[in-house]
Amino acid sequence: MKNNILTTRFVIKLSLSFLAILLLAGIGYTITSIYLSNKYFYETTQRLHANLAKDLIEEKFKNNRPFTDSGEVNKALFGDIMHDMMAVNRAIEVYLLDMDGNVQYSVVLDHDAPETQQKKVNLEPIQKFIEENGSTYTLGDNPKDLTQQTIFSAAKFNSEGQEGYVYIVLAGEDFLATRNDLFSSYFIRLGLGGSLLTLVFATLIGVLAIWYLTRSLRKIIYAAKRFQQGDLQYRIENAEQTDLANVATTYNNMADTILSDIEKLKSVEQLRRELIANISHDLRTPLAIIQGYIETLHMKDSELSQEERNEYLQRVTNSSERLSKLVSQLFEYSKLEANQIEPEKEPFLISELANDIHRNYMILAEQKNIDLKLSMKENIPLVFADISLVERAIQNLMDNALKFTPEGGEVTIKIEVEKQNVEVIIQDSGPGIKKENQSLIFERYRQTKTGSQKEGAGLGLAIVRKIMEIHDSRVKVFSEPKKGTAFSFSLPVYSMG
């Protein structure tokens with residue numbers, strides 16, 4: 001319901017925006033149409049009457065003088081001219097200009113216009129008009145209002161030594177007055193008619209356009225609803241080809257990520273259950289042993305020999321140590337996984353650390369009849385790492401190797417130099433690890449079956465991997481069934497620079 005409201009609101013906003021654009025477009029269309037219509041009318045009128053002044057001079061001034069002997073304007077001639085002009089266009093106004101552009105005389109529809117006789121018209125448009133024979137659209141001064149421009153026809157005359165210009169305004173005062181009276185109603189009719197017609201057709205097109213443009217949005221909303229209802233596999237088909245390709249592909253990627261995270265959470269939940277089961281088993285076993293032997297000591301204390309008593313106490317001690325080791329591993333791994341341990345890197349001799357570990361594990365190896373070897377060349381360079389964490393990683397690998405190497409087997413600690421790194425290798429002659437299990441052995445809480453053994457909560461190798469990760473390195477495994485296993489990791493050589 002909420003999604004429908006949001007969709008409807010979006011469509012309404014889109015429709016209102018579209019309507020506002022149409023109204024503005026209609027107003028702009030109307031104004032532009034009127035402007036262009038006026039310009040078209042003026043340009044057509046001027047082009048049609050371009051030679052009017054020239055024809056007037058050739059016809060009227062040929063046998064008649066524009067000026068009398070006393071130098072005054074021949075009003076009778078201009079009266080005749082006005083009569084002829086009225087037959088052509090009642091909006092025409094005729095002006096006689098001198099060579100400086102001063103108005104010498106004017107003839108309009110009903111009367112002379114002496115008020116214009118002292119005005120001066122700009123000659124530049126007139127000269128341009130004459131030079132181009134009226135072939136281009138040119139506006140000149142309106143003698144009645146020099147602030148306005150109007151269309152005209154002009155020609156130069158020379159009669160008995162007197163020169164000047166005949167300047168004919170083609171859209172005179174009467175035309176402008178009539179046009180202004182009609183303009184408002186015409187503007188309203190054109191505006192309303194054009195806008196209404198545009199609005200009707202645009203509404204139809206707009207509805208179709210909105211329906212078409214929101215098609216991709218409806219697909220995304222539908223996909224979101226399906227996902228919300230539990231259909232986690234539903235995706236938008238051909239997302240890259242939709243109008244909202246970025247949004248659609250982002251939704252699909254988001255859905256894939258969410259589904260992947262859900263699967264990861266399920267996996268983590270499964271691992272958590274396995275952890276609880278494994279830890280419960282690992283904790284229960286030493287606790288049961290401790291509890292059983294202590295109860296035996298209490299119940300049969302007087303019946304036990306000193307040798308049996310010492311044996312029971314030793315088994316209690318061993319189980320306590322195993323329990324303590326398991327708790328320590330859990331605590332250590334939890335801190336590593338929570339990034340609560342920051343490596344304190346320093347330069348140290350990995351060869352000395354390898355010698356110490358070899359010496360410490362020698363007794364345990366002898367007890368299991370395992371041949372423990374150390375293989376490395378002289379002058380091994382310094383490495384740069386956290387010595388305590390590296391030692392912990394090697395110890396975990398050694399514990400793992402000695403645990404799964406049978407009596408009479410062999411475990412080797414190798415230190416090799418590779419360019420800018422020193423590689424540490426722990427190799428054993430145990431039963432090996434199946435290829436399909438090699439990717440699982442470093443997972444937290446994962447138990448894997450090695451040979452006939454299935455031991456521990458799988459934290460030892462997981463701790464090694466986390467230690468290597470915070471050293472920007474990784475632990476590798478090389479193993480084949482019945483051919484032993486080798487674990488290795490690399491540490492950077494310390495550089496003084």
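Which residues does Ile 394 touch, not counting residues up to four places away in sequence? In this predicted model, the list is Ile 350, Leu 353, Ile 357, Val 424, Ile 426 and Phe 489. Ile 394 also belongs to the largest nonpolar core, which has 43 residues. Ile 394 is among the residues with the most contacts inside that core. The others are Ile 350, Val 390, Met 398, Phe 487 and Phe 489. Two of these names, Ile 350 and Phe 489, also appear among the contacts of Ile 394.

Several elements give two or more residues to this core. The helices are α8 (306-337), α9, α10 (387-404) and α12 (459-469). The strands are β8 (382-385), β9, β10 (421-428) and β12 (485-492). Helix α10 supplies the largest share, eight residues. Another core, of 18 residues, lies apart from the largest one. Its members include Phe 78, Tyr 105, Ile 151 and Phe 157.

Strand pairing was examined next. Strand β5 spans residues 162-169. Six of its eight residues are buried, so β5 is largely enclosed by the rest of the structure. Strand β5 pairs with β1 and runs antiparallel to it, through five bridges. Within this pairing, Leu 97 has Tyr 165 of β5 as its bridge partner. Strand β5 also pairs with β4, again antiparallel, through eight bridges. Here Phe 152 stands opposite Val 169 in β5.

Val 169 appears again in the surroundings of Thr 150. Thr 150 is found in strand β4. Its relative accessibility is 7%, and the residue counts as buried because the limit for that class is under 20%. Leaving out residues up to four places away in sequence, Thr 150 touches Thr 138, Leu 139, Gly 140, Asp 141 and Asn 142. Thr 150 also touches Val 169 and Ala 171.

Charged pairs were then considered. The whole structure holds seven salt bridges. One of them joins the side chains of Glu 93 and Lys 144, with an N to O distance of 3.4 Å. Glu 93 lies in strand β1 (residues 93-97), whereas Lys 144 lies in the loop between β3 (139-142) and β4 (145-159). The pair therefore ties together parts that are 51 residues apart in sequence. Glu 93 is buried, with a relative accessible area of 4%.

A second salt bridge links Lys 373 and Glu 410, whose closest N and O atoms are 3.1 Å apart. Lys 373 is in strand β7 (residues 371-376), and Glu 410 is in strand β9 (residues 410-418). This pair thus ties together parts that are 37 residues apart in sequence. Both residues are partly exposed: Lys 373 has a relative accessibility of 35%, and Glu 410 has 33%. Asp 371 joins Lys 373 and Glu 410 in a network of salt bridges.

A further salt bridge sits within a helix. The side chains of Arg 359 and Asp 356 meet at 2.5 Å, N to O. Both residues belong to helix α9 (residues 350-367). They are separated by about one helical turn, because they are three residues apart in that helix. Arg 359 is exposed, with a relative accessible area of 52%. Asp 356 is partly exposed, at 34%.

Methods:
Residues numbered from 1 in each chain as written. Predicted model: local features only at pLDDT ≥ 70, side-chain atom pairs only at ≥ 80, totals over all residues. Heavy atoms only, no water. Salt bridge = Lys/Arg side-chain N within 4 Å of Asp/Glu carboxyl O. Helix = DSSP H or I, 4+ residues; strand = E, 2+ residues; numbered from the N terminus. Buried < 20%, exposed > 50% of the residue type's maximum accessible area, 1.4 Å probe, protein only. Contact = heavy atoms within 4.5 Å. Core = buried A, V, L, I, M, F, W, Y, C linked by side-chain atoms within 4.5 Å. Pairing = 2+ DSSP bridges.
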